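This report describes the empty spaces in one protein model. The sequence and the structure are shown first.

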Amino acid sequence: MPSPYVRRRRLAVEIRKLRESRGLTTDGLARLVFHSRTKITRLENVQIRPDLIEIMNLLDALDVTGTQYDRICQLAREAGQKGWWDRYGVSMGPRQKLYADLEYNSDTVSEYNQTVMPAVLQAPEFIAALVDLDRCQGKLDYVPERMTEARMRRQSELLRPDGPSYETVLDECVIHRLAVPAQAKIAQLRHMIGVVSETERISVRVLRYDAVLPGGFLPKSAFYLYTFAEAGDSPIAVIDTVTTDLVLTQKEEVARYAGIYDRVRAAALSREDSMTFLDQVANRLADQTGSRA
């Protein structure tokens, strides 16, 4: 199944092009198809799941026929599909649903993280510790048990035989600064080592605290890069902020983040050296807590 979110973005571009080619404003198109301006705006801004019948009526109103009609209807069908993540409703949180959607049909996922361990490689003990941290910041907008179940499902989807190639550059500060219990941190480090060791297309690279990043400024936030096998699905960058995720699709913007990623990747430890480093940290923590297995 293609990524419904990616298809919604492609559909939004098609609808906007059609509207503008007819010299219509969003108000004008809304009146033509008997919808509210808000609904047209939300459709063009990828804020709602499209209804196939409504899209067909819109195409009829704009006199779209032939192969163009068929192509846009197919986009609408794919954009309206539901994935496994939709079964969780709001219980897993909207941000995790977006990532699950993008990961599902991506060809490659590249991530730079300076705030938390990669979500798709988290151990259950570590997830529970993160939930406790989240509670310190206020009321949760998800159901912890369902969120954990969904996150583990994301991991199984990543590891499926036809899953994407995945690489994360993990800033060393995450390992030391997250206020989670030592046991949870040890479990997380060993879990990541196990997954990477068993799956060649999964990679974690550690960016040491004293690494120098030549060629530009430091990254200002965590971010994720997605590429897709189908030619019409352009690369996407998602920028992690405190309150929301910014989705970038403009070629120049995505390329800028890809350049930043290349810089941090070049400065990070190799895949093999990163595993050695993580193992050393886990063993040191185990010795300090008297919990070495």
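A pocket is an open set of grid points with protein on both sides within 12 Å along at least five of seven lines, and its lining residues have an atom within 4 Å of a point. The model examined here is predicted.

The largest pocket has a volume of about 1,300 Å³. Of the 41 residues that line this pocket, Arg95, Asp134, Gln137, Arg151 and Asp240 are the closest to its centre. At least two lining residues come from each of α6, β1 (108–113), α7 (124–135), α8 and β4 (223–227). The largest share, five residues, is supplied by α6.

The second largest pocket has a volume of about 530 Å³. Its lining consists of 19 residues, and those nearest the centre are Tyr5, Arg8, Val46, Pro94 and Leu98. Here α1 (4–21), α6 and β6 (245–248) each contribute at least two residues. Again α6 gives the most, with five residues.

A search of the whole structure also finds one cavity of 30 Å³ or more. The volume of this largest cavity is about 40 Å³. Among the residues that line the cavity are Trp84, Tyr104, Arg154 and Pro164. The elements giving two or more residues to this lining are α6 (94–104) and α8 (144–158).

The table sets out the residue classes in each lining.

| Space | Nonpolar | Polar | Charged |
|---|---|---|---|
| Largest pocket | 21 residues | ten residues | ten residues |
| Second largest pocket | eight residues | four residues | seven residues |
| Largest cavity | five residues | no residues | four residues |

Conventions
Residues are numbered from 1 along each chain as its sequence is written. This is a predicted model: local features need pLDDT of at least 70, side-chain atom pairs count only at pLDDT 80 or more; totals for chains, interfaces and linings use all residues. Side-chain values use heavy atoms; hydrogens and water are left out. On a 1 Å grid over the protein atoms alone, a cavity is a set of points where a 1.4 Å probe fits but cannot get out, and a pocket is an open set with protein on both sides within 12 Å along at least five of seven lines; lining residues have an atom within 4 Å of a point. Grid points are joined across faces, edges and corners, and a volume is the space filled by probe spheres set on the points. Helices (H or I, at least four residues) and strands (E, at least two) are DSSP runs, numbered from the N terminus. Ala, Val, Leu, Ile, Met, Phe, Trp, Tyr, Cys and Pro count as nonpolar, Asp, Glu, Lys and Arg as charged, and the others, Gly among them, as polar.
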